[in-house]
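This report goes through a few local features of one protein model. The sequence and the structure come before the discussion.

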Amino acid sequence: EAKRHGRNRVAFFDPQLREAMAERLRLQTDLRRALEHDELSLHYQAQVDTCTGALTGIEALLRWEHPTLGAISPATFVPVAEESGLIVPIGRWVIGEACRQFAAWRQEGFDGVCIAVNLSVRQTRDEQLPAFIDAVLDTHAMPPGCLELEITESVLMEQTDLAIALLTRLRARGLRLAIDDFGTGYSSMAYLQRLPIDTLKIDMAFVREIPGDGEAITTAILAMAHQLGLGVVAEGVETQAQHDFLREAGCEQIQGYRIARPLPPEAFLLRWGARAQA
Ligand code: C2E
Ligand code: MG
Ligand code: MG
Ligand code: MG
């Protein structure tokens with residue numbers, strides 16, 4: 001008890017920690033307002049065929065333009081949104097907006113391409129999520145196979161059974177599932193058997209070490225994924241050497257600055273739309 005008291009007292013008087021807490025609280029308050037005030041938007045990053053360079057997928061990435069602080073990284077505000085539960089309405093907005101945009105792009109020659117959105121662990125506890133997604137797909141006359149949900153391994157660590165049940169329900173409706181940041185989480189391989197996954201996304205931590213120590217693990221992930229009949233996307237591909245290695249290793253899709261940065265919708269269309277390809 002004395003120890004706990006002591007620790008609390010240290011925390012309370014630590015000005016740095018107090019400032020960090022105040023900062024988080026402020027972000028939380030501001031984030032609550034951001035959705036209504038149109039401060040959130042999506043950027044889109046291409047996933048391409050490693051051999052042909054053809055567009056195979058599009059990942060929607062959340063952006064927040066704070067009125068006074070400017071652009072804030074999702075790495076900073078997504079955890080705040082998760083902590084406060086705000087990720088549930090924000091995440092729904094992301095799904096709705098990404099599908100609306102994708103449907104508007106259907107005429108642009110994006111056939112056979114799917115749109116990917118990131119799903120946070122908190123959203124897998126939202127019992128209404130499947131009904132919400134059904135309604136969104138219905139509104140935009142979108143086949144469920146056009147929507148891929150990216151989940152990290154941490155989703156499967158917490159509340160494993162609940163998350164797996166929900167994701168299995170979604171997969172049964174025809175949605176696609178991808179494991180994001182694969183290889184850096186803490187979970188075992190067991191969930192690969194229990195979950196109906198379509199795609200593994202190799203974490204950029206491994207890709208960053210190509211050429212070098214990242215090569216062996218990348219090759220091993222590819223062999224395992226292919227044995228299991230899963231598609232693979234390598235993330236964070238920045239160099240020609242990485243691109244070449246991944247092509248030789250048989251990694252069918254890549255994503256990264258080497259191909260294109262995440263772009264606002266207008267720029268994405270200019271770069272990847274039918275007219276740009278022609
Ligand atoms: P993620 O889903 O793994 O997305 C990949 C991140 O790597 C993105 O950062 C992307 O901009 C960045 N990236 C892409 N190519 C390269 C590259 O070649 N080099 C480097 N260094 N980075 C690259 P971003 O947009 O800042 O997003 C960070 C994370 O925030 C995402 O990681 C995802 O976990 C989370 N996030 C973003 N949007 C959403 C969302 O709508 N919902 C949820 N729950 N999380 C999101
Ligand atoms: Mg992702
Ligand atoms: Mg990703
Ligand atoms: Mg990732």
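N118 is partly exposed, with a relative accessible area of 29%. That value falls between the cut-offs, since buried means under 20% and exposed means over 50%. The model is a predicted one, and the values below are to be read with this in mind.

**Metal sites**

N118 is one of the protein donors of the magnesium ion (ligand 2), to which N118 contributes its OD1 atom. The other protein donors of this ion are E59 (OE), E150 (OE) and D180 (OD), and the donors lie 2.0 to 2.2 Å from the ion. Along the chain, the donors of ligand 2 follow the spacing E-x58-N-x31-E-x29-D. N118 belongs to strand β4 (residues 114–118) and D180 to strand β6, so this pair, 62 residues apart, links distant parts of the chain.

D180 counts as buried because its relative accessibility is 5%. D180 also bridges the magnesium ion (ligand 2) and the magnesium ion (ligand 3), which lie 2.5 Å apart.

Which protein residues supply donors to the magnesium ion (ligand 4)? They are D180 (OD), D181 (OD) and E235, with E235 listed for two OE donors, and the distances run from 1.9 to 2.7 Å. Their spacing along the chain is D-D-x53-E. The magnesium ions of ligand 4 and ligand 2 are 4.4 Å apart, and D180 coordinates both. D181 sits in strand β6 (residues 176–182), while E235 sits in the loop between β8 (231–234) and α11 (240–249), so the pair ties together parts that are 54 residues apart in sequence.

Are D181 and E235 buried or exposed, or in between? D181 is partly exposed, because its relative accessibility is 28%. E235, at 7%, counts as buried.

**Aromatic rings**

Seven aromatic pairs are found in a search of the whole structure. Two of them are set out here.

| Pair | Centre to centre | Angle between planes | Type |
|---|---|---|---|
| W64 and F77 | 5.5 Å | 80 degrees | edge-to-face |
| W105 and F110 | 5.8 Å | 90 degrees | edge-to-face |

Why does the W64 and F77 pair count as edge-to-face? The planes of W64 and F77 are at 80 degrees, and a pair counts as edge-to-face when the angle is over 60. W64 lies in strand β2 (residues 55–66) and F77 in helix α3 (residues 74–84), so the pair ties together parts that are 13 residues apart in sequence. W64 and F77 are both buried.

W105 and F110 are buried as well. Ring pairs also join W105 and F110 with Y44, F268 and W272 in a cluster.

In two places an arginine lies over the face of a ring. R271 lies over W272, at 4.3 Å from the ring centre. R261 lies over Y257, at 3.8 Å from the ring centre.

**The nonpolar core**

The largest nonpolar core has 77 residues, and I58 and L147 touch the most other members. Helix α4 (residues 87–104) gives the most to this core, with eight residues.

What does I58 touch, leaving out residues up to four places away in sequence? Its contacts include the aromatic residues Y44, F102, W105, F110 and F268. Among the others are Q45, Q47, V113, C114, I115 and A116. Of these contacts of I58, Y44, W105, F110 and F268 also belong to the ring cluster described above.

Technical notes
Residues numbered from 1 in each chain as written. Chains lettered and ligands numbered in written order. Predicted model: local features only at pLDDT ≥ 70, side-chain atom pairs only at ≥ 80, totals over all residues. Heavy atoms only, no water. Core = buried A, V, L, I, M, F, W, Y, C linked by side-chain atoms within 4.5 Å. Buried < 20%, exposed > 50% of the residue type's maximum accessible area, 1.4 Å probe, protein only. Helix = DSSP H or I, 4+ residues; strand = E, 2+ residues; numbered from the N terminus. Contact = heavy atoms within 4.5 Å. Donors = N, O, S within 2.8 Å, 3.2 Å for Na, K, Ca; no water. Phe/Tyr/Trp six-rings, centres within 6.5 Å; stacked < 30°, edge-to-face > 60°. Lys NZ or Arg CZ within 6 Å of the ring centre and 35° of its normal.
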